[in-house]
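Work through the exercises below with the coordinates open. Each task is followed by a solution in steps.

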Amino acid sequence: MVVDDSAFALDLTAQALLGFGIHTSYSCHSAGEAMEILREQTVDLLVVDCEMPDMDGYSLVRWLRRSGLEPNAMAPTILTAAHLRRTKLSEARDCGANFVVTKPFSAITLLERIVWVARDTRPFLEVGDYFGPDRRFREAKPPGDERRSSVIRRAQFDADKARDAVQGGIA
């Protein structure tokens with residue numbers, strides 16, 4: 001299921017999925033439309049836009065997780081967002097989504113996230129008002145290469161320091 005109030009984004013996401021051989025069974029222009037279908041049909045994956053009028057993607061995922069609609073309540077959910085501030089990233093994590101992809105996304109990025117979500121073995125937890133996948137990463141790292149500049153610089157510094165120590169010991 002793909003949910004996005006933008007017809008262009010909805011079609012683009014469905015076409016990207018089709019390129020991977022994933023047929024989009026349900027394309028919804030609103031959270032309300034998605035809720036109606038989710039009450040009646042089973043879905044394997046949801047790709048939901050964060051920013052929609054009336055009910056946003058965060059609220060839709062929160063509703064789905066608390067709905068008791070088995071097995072849909074535990075369906076893997078990827079949120080898409082054009083503008084993702086730190087507060088919105090926290091909201092995505094706290095609503096029970098499995099992953100967030102920023103727009104514009106490449107087809108390969110979407111596929112990587114789908115594969116990662118499909119392989120995700122984190123249990124679902126209910127703690128306070130949260131219900132969704134365990135937000136703590138244990139064994140597996142998030143998918144993709146490290147992009148945080150501070151982490152990259154630190155790794156390079158440590159590698160340079162180790163290289164210098166080896167070279168210094170040789171001389």
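Buried means under 20% relative accessible area, exposed means over 50%, and partly exposed lies in between. The model is predicted.

**Exercise 1. List the buried residues of helix α2 and find what they pack against.**

Solution.
- Step 1. Take helix α2, residues 31-40. Apply the cut-off of under 20%. Ala-31, Ala-34, Met-35, Ile-37 and Leu-38 are buried.
- Step 2. Look for their partners. These buried residues of α2 pack against β1 (2-3), β2 (27-28), β3 (46-49) and α3.

**Exercise 2. Determine how the buried residues of helix α4 are placed around its axis.**

Solution.
- Step 1. Helix α4 spans residues 86-95, and its buried residues are Lys-88, Ala-92 and Cys-95.
- Step 2. These residues lie on the same side of α4, because they cover an arc of only 75° around the axis. The general rule helps here: an α-helix has 3.6 residues a turn, so residues three or four places apart point the same way.
- Step 3. Check the other side of α4. Arg-86 and Thr-87 are exposed there.
- Step 4. Identify the cover. It includes α3 (57-66), β4 (77-81), β5 (99-102) and β7 (130-133).
- Step 5. Go past the end of the helix. Gly-96 follows α4, and its phi is positive, near 105°.

**Exercise 3. Describe the packing of helix α1 with helix α5.**

Solution.
- Step 1. Two packed helices are described by the angle and the distance between their axes.
- Step 2. The axes of α1 (residues 7-19) and α5 (residues 107-119) come within 10 Å and cross at roughly 70°. The two helices are therefore roughly perpendicular to each other.
- Step 3. Assign the hand. The crossing of α1 past α5 is right-handed.
- Step 4. Name the contacts. From α1, Thr-13, Ala-16 and Leu-17 meet Ala-107, Leu-110 and Ile-114 of α5.
- Step 5. Sort that contact by class. It has five nonpolar residues, one polar residue and no charged residues.

**Exercise 4. Classify Ile-108 and Pro-76 as buried, partly exposed or exposed, then place each in space.**

Solution.
- Step 1. Ile-108 belongs to helix α5. Ile-108 counts as exposed because its relative accessibility is 52%.
- Step 2. Ile-108 and Ala-16 are 92 residues apart along the chain, yet their C-alpha atoms are separated by 8.9 Å.
- Step 3. Pro-76 sits in the loop between α3 and β4. Its relative accessible area is 24%, so Pro-76 is partly exposed.
- Step 4. Pro-76 is 33 residues from Val-43 in sequence and 9.2 Å from it in space, C-alpha to C-alpha.
- Step 5. Leave aside neighbours within four places in sequence. Pro-76 is then in contact with Asp-44, Leu-45, Leu-46, Asn-98 and Val-117.

Conventions: Residues are numbered from 1 along each chain as its sequence is written. This is a predicted model: local features need pLDDT of at least 70, side-chain atom pairs count only at pLDDT 80 or more; totals for chains, interfaces and linings use all residues. Side-chain values use heavy atoms; hydrogens and water are left out. Buried means under 20% relative accessible area, exposed over 50%, partly exposed in between (1.4 Å probe, protein chains only). Helices (H or I, at least four residues) and strands (E, at least two) are DSSP runs, numbered from the N terminus. The arc is that of the directions from the helix axis to the C-beta atoms. Contact means heavy atoms within 4.5 Å. Axes are lines fitted to C-alpha atoms, for helices over the stretch in contact, and angles run from 0 to 180 degrees between N-to-C directions. Angles under 35 degrees count as roughly parallel, over 145 as roughly antiparallel, 65 to 115 as roughly perpendicular and the rest as oblique. A crossing is left-handed if the near helix is turned anticlockwise from the far one by less than a right angle, and right-handed if clockwise. Ala, Val, Leu, Ile, Met, Phe, Trp, Tyr, Cys and Pro count as nonpolar, Asp, Glu, Lys and Arg as charged, and the others, Gly among them, as polar.
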